[in-house]
Amino acid sequence: MNTVNLMGNLARDPEVRYTKNGRAVATFTVAASNTYIDANTKDAKEQTAFVNCVAWGTLAEEIGTLRKGNKCLVQGRIQTRSYETQNGEKRYVTEVVASFVGATLNGGHNEPSNFDNFNDDEQIPF
């Protein structure tokens, strides 16, 4: 099963482009953090992963309205693809292909959201 669930903040404004056929594609980065206990110092530390994501079609257009710092939940699948640079070097990109993105706008303060009754202290069960 190839399923990814990420919750974090947008690290930059999403970039929406259109293919030659007019299909929207959005690229965005989610900063997802977790806390762990350092084995040597016993101190709580935070580690943040910056995860590249992509969305297509109507979802891509909706994501285009979000801004850096918005809290979001991304569900999708992980994908690795390759391409060749102009110099002939082969490069690999690993990203999450989003099938759902839920977000609070403006940090969740007095703005509409597609999370029902979402708040920052709520634990999401996954």
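1. Let me start with a lysine. Lys45 counts as partly exposed, at 33% relative accessibility. Its partner in a salt bridge is Asp38, with the closest N and O atoms 3.6 Å apart. Asp38 itself counts as buried, because its relative accessible area of 15% falls under the 20% cut-off. So this pair joins a partly exposed lysine to a buried aspartate.

2. Before going further, a word on what we have here: this is a predicted model. The average pLDDT of the chain is 86, and 83% of the residues score at least 70. The stretch to handle separately is 107–121, where the pLDDT is below 50. That stretch still has 20 contacts in the model beyond near neighbours in sequence.

3. Back to Asp38, as there is more going on around it. Asp38 sits in the loop between E3 and E4. Its side chain reaches the backbone nitrogen of Thr41 at 2.9 Å. Leaving aside residues up to four places away in sequence, Asp38 touches Asp43 and Lys45. So when you click on this loop, you'll find Asp38 with a salt bridge to Lys45 and a side-chain link to the Thr41 backbone, and with a relative accessible area of just 15%.

4. Lys42 is worth a look too. It lies in the loop between E3 and E4, and its phi is near 65°, a positive value in a residue other than glycine. Most residues other than glycine have a negative phi, so do check this one on your screen. Is Lys42 buried or exposed? It is exposed, because its relative accessible area of 60% is over the 50% cut-off.

5. The overall layout: one helix and six strands make up the secondary structure of the chain. Reading from the N terminus, the elements run β-β-β-β-α-β-β. Of the contacts in the chain with a separation of 6 or more, 53% are between residues 24 or more positions apart.

6. Now the inside. The largest nonpolar core holds 21 residues, and those with the most contacts inside it are Leu6, Phe28, Cys53, Ile63, Val74 and Val101. At least two core residues come from each of E1 (4–10), E3 (24–37), E4 (44–56), H1 (57–63), E5 (71–84) and E6 (90–103). E3 gives the most, with five residues.

7. If you want one residue to start from in that core, try Leu6. Not counting residues up to four places away in sequence, Leu6 touches Ala32, Val51, Cys53, Cys72, Leu73, Val74 and Val96.

8. How many salt bridges are there? The count comes to four. Side chains of opposite charge can pair when their charged atoms come close. Besides the Lys45–Asp38 pair, one of them joins Arg17 and Glu15, at 2.2 Å from N to O. Arg17 is exposed, with a relative accessible area of 52%, while Glu15 is partly exposed at 32%. Another joins Glu89 and Arg91, at 3.2 Å. Both ends of this bridge are partly exposed, with Glu89 at 38% and Arg91 at 37%.

9. Last, the surface. The chain exposes about 8,700 Å², and carbon and sulfur atoms supply 45% of that area. Of its 126 residues, 33% count as buried.

Note on methods
Residues numbered from 1 in each chain as written. Predicted model: local features only at pLDDT ≥ 70, side-chain atom pairs only at ≥ 80, totals over all residues. Heavy atoms only, no water. Core = buried A, V, L, I, M, F, W, Y, C linked by side-chain atoms within 4.5 Å. Buried < 20%, exposed > 50% of the residue type's maximum accessible area, 1.4 Å probe, protein only. Helix = DSSP H or I, 4+ residues; strand = E, 2+ residues; numbered from the N terminus. Contact = heavy atoms within 4.5 Å. pLDDT = per-residue confidence, 0-100. Areas by Shrake-Rupley, 256 points an atom, 1.4 Å probe, with all protein chains shown as cover. Polar contact = N/O pair within 3.5 Å; in protein donor to acceptor, adjacent residues only side chain to side chain. Salt bridge = Lys/Arg side-chain N within 4 Å of Asp/Glu carboxyl O.
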